[in-house]
Amino acid sequence: MAEYSPARYVVLGLIARHGAMTPYELKSRVEDDIQPFWPILHAQLYRIPAELAGAGLLREETETAGRRRRIFHLTPEGRAALERWLADPDTPEAETRDPAQLKLFFADLGAAADIVALATRQAERHRGWLAHYASLRAALDPAEDSRQRSRARLLRLGVLHERAHAEFWESVAADPDRLDD
């Protein structure tokens, strides 16, 4: 069984959920649904569908008139690959690349006021994301369909994540020397 990158499973999953899509439509869906927690370069979303079609996981259709868009459909092999991936409870370790944490690591090399300024700005940023995720969650009706339930679960995680980050940075801004709860 071949292993694919997470970005390839994103393409398979979006096409499985929404039906046949062009790379441009994939890019729009990623921006709306996935970008906040799994950034994917736009160029990848134009390259990956053709690669998956070459592997037999998608079927490519080109419009014969007009813009001659390339439309990708999920094949039974693609659905099987997606289902195997979803059924596997193992995942790689989460990746965290947070520039604020990097600055915090080296904060002792700068001015003490810089830590407070960094923490204040980060608390504001995370409070903003918290409000955004909470408003998205409030607009959903998880009883309506499985997609809304999936989004609601993910938004719950986002709310908890942003709340924890906001509270941490607020505590650093209030007392940069505090090291324990």
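**Close-up views of salt bridges and one loop residue**

**View 1. Glu51 and Arg8 form a salt bridge in which the closest N and O atoms are 2.4 Å apart.** This is a predicted model, in which local features need pLDDT of at least 70 and side-chain atom pairs count only at pLDDT 80 or more, while totals for chains, interfaces and linings use all residues. Residues are numbered from 1 along each chain as its sequence is written, and side-chain values use heavy atoms, with hydrogens and water left out. A salt bridge is taken here as a side-chain nitrogen of Lys or Arg within 4 Å of a carboxyl oxygen of Asp or Glu, and the structure holds ten salt bridges by this criterion. The pair of Glu51 and Arg8 links distant parts of the chain, with Glu51 in helix 3 (residues 42–54) and Arg8 in helix 1 (residues 6–18), 43 residues apart. Helices (H or I, at least four residues) and strands (E, at least two) are DSSP runs, numbered from the N terminus. Glu51 is partly exposed at 33% relative accessible area, whereas Arg8, at 17%, counts as buried; buried means under 20% relative accessible area, exposed over 50%, and partly exposed in between (1.4 Å probe, protein chains only).

**View 2. Arg8, Arg47 and Glu51 are joined in a network of salt bridges.** The bridge between Glu51 and Arg8 described in the preceding view connects two members of this network.

**View 3. Asp33 and Arg147 form a salt bridge, their closest N and O atoms lying 2.9 Å apart.** This pair, too, links distant parts of the chain, since Arg147 belongs to helix 7 (residues 146–174) and Asp33 to helix 2 (residues 23–34), with their positions 114 residues apart in numbering. Asp33 is buried, with a relative accessible area of 17%, while Arg147 is partly exposed at 24% relative accessibility.

**View 4. Arg69 and Glu63 form a salt bridge with the closest N and O atoms 3.0 Å apart.** On the arginine side, Arg69 is partly exposed, with a relative accessible area of 28%, and its partner Glu63 is likewise partly exposed, at 23%.

**View 5. Arg68 has a positive phi of about 55°, although this residue is not a glycine.** Arg68 is placed in the loop between strand 1 (58–62) and strand 2 (70–74), where the residue is exposed, with a relative accessible area of 52%.
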